[in-house]
Amino acid sequence: MTLQQDIVGNAMQMAVVSLQPGQTVYCEAGKFLFKTTNVTMETRLGGPSNPGGQQPQGGAGGMGGMLRQAMGTAMQVGQRALAGESLAFQYFTSTGGEGTVGFAGVLPGEMRALELDGTRAWFAEKDAFVAAESTVDFGIAFQGGRTGMKGGEGFVLEKFTGRGTVIIAGAGNFIDLDPADFGGRIEVDTGCVVAFEEGIRYGVQRVGGLNRQGLMNAVLGGEGLSLATLEGSGRVILQSLTIESLANALKKAQGGDKQGPTGGLFSTNAG
């Protein structure tokens, strides 16, 4: 059953979802806005494939099944805790007719509904997830230590698999690109990557060499020492506003800008 949703608004968009009787959608804690009275709300620790706190139907598996479920839930919660994600999900189910639920991201910007057909997963930056059908599984993908430590947001990625609709949000405006249209590779500010399809190779590279121009790029360019690289053929979604630039703008407006004229390497902004 396709999730009926309408993304509305401009500078701070929201997703208004219409649920058919018995249909369920879940969101990360803190992304819910409103619902009609015939929509029930339940908070669980587990994701759709392992809804924590629920006993297997018909007692299947007995004590062993309950133990496996508890361990699976604990692993999911542990992964989300390490990734800095919300520990729980909120589930919304329509009863007694069609229901309506509203969701939003946490930053001024756009939202996007992605349709998964079961053949390709999607990866997204940390905190991009807003809501999804119960047929979509939410997971955490950890990048390799070397790539992750260089990549900032890229160290931890959200992973969506299964079939159905997943709604993500980002900062500023979105642009859709395919690296195949640009020679198979694009280089991006590490904070501008919102999401990309499975099959796209994500990496991080140093900005220039260890020479005068490379150091100028790192110290004065505001990008730091690294850029994200996206290679292959597939859909990539980028955002025009990074969380770091928004934080620095707010600090500057409050008279507390710590970055100074050199930016980049000499920034004292605490992430």
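Me: Before any detail, how many helices and strands are there in the chain?

Reply: There are four helices and 18 strands in the chain, and since this is a predicted model, everything we read from it is a computed value. Of the 271 residues, 44% count as buried. Among contacts between residues at least 6 apart in sequence, 78% join residues at least 24 apart.

Me: How should I read a nonpolar core, and which residues of the largest one touch the most other members?

Reply: The general idea is that in soluble globular proteins nonpolar side chains tend to be buried together. In this structure the largest nonpolar core has 21 residues, and those that touch the most other members are Tyr26, Phe129, Phe160, Val166 and Ile168. Two or more residues of this core are given by each of β6 (89–94), β8 (111–117), β9 (122–125), β10 (129–133), β11 (136–142), β12 (156–169) and β15 (193–197). The largest share, four residues, comes from β12.

Me: Taking phenylalanine 160 as one member, what is it in contact with beyond its neighbours within four places in sequence?

Reply: With those neighbours left aside, phenylalanine 160 is in contact with Leu116, Ala121, Trp122, Ala124, Phe129, Val136, Asp137, Phe138, Val166 and Ile168. Among these partners, Phe129, Val166 and Ile168 are also listed with Phe160 as core residues that touch the most other members.

Me: Which strands pair with β12, and in what sense?

Reply: β8 and β12 pair in the antiparallel sense over seven bridges, and within that pairing leucine 114 stands opposite valine 166 of β12. β8 is itself mostly covered, with five of its seven residues buried. β9 also pairs with β12 in the antiparallel sense, over four bridges, and there the bridge partner of glutamate 125 is leucine 157 in β12.

Me: What other strand does β9 join, and over how many bridges?

Reply: Three bridges join β9 to β15, and these two strands run antiparallel. Phenylalanine 123 stands opposite phenylalanine 196 in β15.

Me: How do I read the burial of a single residue, for instance phenylalanine 92, and is that residue buried or exposed?

Reply: The relative accessible area is compared with a cut-off, and under 20% means buried. Phenylalanine 92, in strand β6, counts as buried because its relative accessibility is 0%. Not counting residues up to four places away in sequence, phenylalanine 92 touches Leu19, Gln23, Thr24, Val25, Cys27, Phe32, Lys35, Val39, Thr40, Met41, Val101 and Phe103. One of these, lysine 35, is 57 residues from phenylalanine 92 in sequence, while their C-alpha atoms are 8.7 Å apart in space.

Me: Where is threonine 229 placed, and what does it touch?

Reply: Threonine 229 lies in strand β17 (residues 226–231), and its relative accessible area of 5% is why it is buried. Leaving out residues up to four places away in sequence, threonine 229 touches Arg185, Ile186, Glu187, Arg201, Tyr202, Gly203, Val204 and Gln205.

Me: Where does alanine 171 lie, and is it buried or exposed?

Reply: Alanine 171 lies in the loop between β12 and β13 (174–177), and it counts as buried because its relative accessibility is 1%. Its contacts, again without residues up to four places away in sequence, are Leu107, Pro108, Gly109, Gln239, Ser240 and Leu241. Alanine 128 is 43 residues from alanine 171 in sequence and 9.4 Å from it in space, C-alpha to C-alpha.

Me: How should I read a backbone phi angle, and what is the phi of aspartate 127?

Reply: Most residues other than glycine have a negative phi. Aspartate 127 is not a glycine, yet it has a positive phi of about 80 degrees. Aspartate 127 is found in the loop between β9 and β10, and it counts as partly exposed because its relative accessibility is 33%.

Me: How is empty space inside a model read, and how many cavities of 30 Å³ or more does the structure hold?

Reply: Rolling a probe the size of a water molecule over the atoms shows where empty space is left. The structure holds two cavities of 30 Å³ or more, and the second largest has a volume of about 30 Å³. The lining of that second largest cavity is made up of Met12, Gln13, Gly105, Leu107, Gly109, Glu110, Met111, Ala169 and Gly170. By class, this lining has four nonpolar, four polar and one charged residues. Leu107 and Gly109, which are among these lining residues, are also among the contacts of alanine 171.

Technical notes:
Residues numbered from 1 in each chain as written. Predicted model: local features only at pLDDT ≥ 70, side-chain atom pairs only at ≥ 80, totals over all residues. Heavy atoms only, no water. Core = buried A, V, L, I, M, F, W, Y, C linked by side-chain atoms within 4.5 Å. Buried < 20%, exposed > 50% of the residue type's maximum accessible area, 1.4 Å probe, protein only. Contact = heavy atoms within 4.5 Å. Pairing = 2+ DSSP bridges. 1 Å grid on protein atoms, 1.4 Å probe; cavity = no way out; pocket = protein on both sides within 12 Å on 5 of 7 lines; lining within 4 Å. Points joined across faces, edges and corners; volume = space filled by probe spheres on them. Nonpolar A, V, L, I, M, F, W, Y, C, P; charged D, E, K, R; others polar.
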